[in-house]
Amino acid sequence: MPRSTSRPSACWLLAIGMFFKGLGMGFMVQNLVLAMQNTVKVTDIGTASASAALFRSVGGAAGVAALRAMYETAFGDATGVVFTTSAFVVVVVLLCIALIREVSLSTTV
């Protein structure tokens with residue numbers, strides 16, 4: 001970590017949280033890409049896939065920048081603030097994913 005916080009955080013606890021976040025994202029991203037590719041016309045799959053990758057990259061960069069800014073401005077309890085905010089965002093994203101309309105997979109190309 002670039003700066004130390006006033007309260008020491010257990011590295012193993014942070015590592016476990018990051019592991020489960022990465023595991024959850026790994027299981028979810030491919031399914032979301034498949035769902036997105038299933039809802040567009042065959043001729044638009046490349047454009048839709050590229051757009052999804054672009055928005056995922058830009059969103060990730062914006063999220064990292066926002067969390068870094070929060071980390072820099074929050075004194076003392078910075079790590080807790082950042083992880084609490086991240087947990088809130090995860091809950092919102094899960095609710096949005098739960099509201100995605102279910103579409104059966106296409107069987108033709």
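**A predicted three-helix model in questions and answers**

Q: In this predicted model, which residues make the nonpolar surface patch of about 810 Å²?
A: The patch covers about 810 Å² and is nonpolar. Leu23, one of its members, is found in helix H1, which spans residues 11-39. The residues that make the patch are Trp12, Leu13, Ile16, Phe19, Phe20, Leu23 and Phe27.

Q: Is Leu23 buried, partly exposed or exposed?
A: Leu23 belongs to helix H1 and has a relative accessibility of 35%. Buried would require under 20% and exposed over 50%, so the value for Leu23 places this residue in the class between, namely partly exposed.

Q: What is the geometry of the aromatic pair formed by Phe19 and Phe20?
A: The structure holds one aromatic pair, and Phe19 and Phe20 form that pair, with 5.3 Å from centre to centre and 75° between the planes. A pair of aromatic rings is described by the distance of the centres and the angle of the planes. Because planes over 60 degrees apart count as edge-to-face, the geometry of Phe19 and Phe20 is edge-to-face.

Q: Are Phe19 and Phe20 buried or exposed?
A: Phe19 has a relative accessibility of 51%, while Phe20 has 53%. The class of exposed residues begins over 50%, and therefore Phe19 counts as exposed, and Phe20 likewise counts as exposed.

Q: Which elements make up the protein, and in what order do they run from the N terminus on?
A: The protein has three helices and zero strands. Helix H1 comprises residues 11-39, helix H2 residues 45-73 and helix H3 residues 78-98. From the N terminus on, the order is therefore α-α-α.

Q: Which residues does Asn38 touch, leaving aside those up to four places away in sequence?
A: Asn38 has its place in helix H1, and at 17% relative accessibility this residue counts as buried. Among its partners is Ser104, which is in the segment after helix H3, and the backbone oxygen of Ser104 lies 2.9 Å from a polar atom of the Asn38 side chain. The residues touched by Asn38 are Val103, Ser104, Leu105 and Ser106.

Q: What distance separates the C-alpha atoms of Ser104 and Thr39?
A: Thr39 lies in helix H1, whereas Ser104 is in the segment after helix H3. Thr39 counts as exposed at 51% relative accessibility, and Ser104 is exposed with a relative accessible area of 64%. The two residues are 65 positions apart along the chain, and their C-alpha atoms are separated by 9.4 Å.

Q: Which backbone oxygen does the side chain of Thr39 reach at 2.9 Å?
A: Thr39 is a residue of helix H1, and in space its C-alpha is 8.8 Å from that of Ser106, although 67 residues separate the two in sequence. The 2.9 Å contact of the Thr39 side chain is made with the backbone oxygen of Met36.

Q: Which two side chains meet in the salt bridge, and how many helical turns separate them?
A: A search of the whole structure finds one salt bridge, in which the side chains of Arg68 and Glu72 meet with an N to O distance of 2.8 Å. Arg68 is partly exposed at a relative accessible area of 39%, and Glu72 is partly exposed at 24%. Because Arg68 and Glu72 are four residues apart in helix H2, the separation is about one helical turn.

Q: What lies 3.3 Å from a polar atom of the side chain of Thr73?
A: Thr73 is found in helix H2, and at 58% relative accessibility this residue counts as exposed. The atom at 3.3 Å from its side chain is the backbone oxygen of Met70.

Q: What percentage of the accessible surface of the protein belongs to carbon and sulfur atoms?
A: Of the 109 residues of the protein, 9% count as buried. The accessible surface comes to about 8,500 Å², and the part that belongs to carbon and sulfur atoms is 72%.

Q: What percentage of the contacts with a separation of 6 or more comes from residues 24 or more positions apart?
A: One example of residues that touch across the sequence is Asn38 with Ser104, where Asn38 is in helix H1 and Ser104 in the segment after helix H3. Across the protein, residues 24 or more positions apart account for a share of these contacts that comes to 60%.

How values were computed:
Residues are numbered from 1 along each chain as its sequence is written. This is a predicted model: local features need pLDDT of at least 70, side-chain atom pairs count only at pLDDT 80 or more; totals for chains, interfaces and linings use all residues. Side-chain values use heavy atoms; hydrogens and water are left out. Patches are made of residues with over 30% relative accessible area and no salt bridge: like charges are joined within 9 Å, nonpolar side chains (Val, Leu, Ile, Met, Phe, Trp, Tyr) within 5 Å. Accessible areas come from the Shrake-Rupley method with a 1.4 Å probe; for residues, only the protein chains shown count as cover. A salt bridge is a side-chain nitrogen of Lys or Arg within 4 Å of a carboxyl oxygen of Asp or Glu. Buried means under 20% relative accessible area, exposed over 50%, partly exposed in between (1.4 Å probe, protein chains only). A polar contact is a pair of N or O atoms within 3.5 Å; within protein, one must be able to donate a hydrogen and the other to accept it, and residues adjacent in sequence count only if both atoms are side-chain atoms. Contact means heavy atoms within 4.5 Å. Rings of Phe, Tyr and Trp (its six-membered ring) pair if their centres lie within 6.5 Å; planes under 30 degrees apart count as stacked, over 60 as edge-to-face and the rest as tilted.
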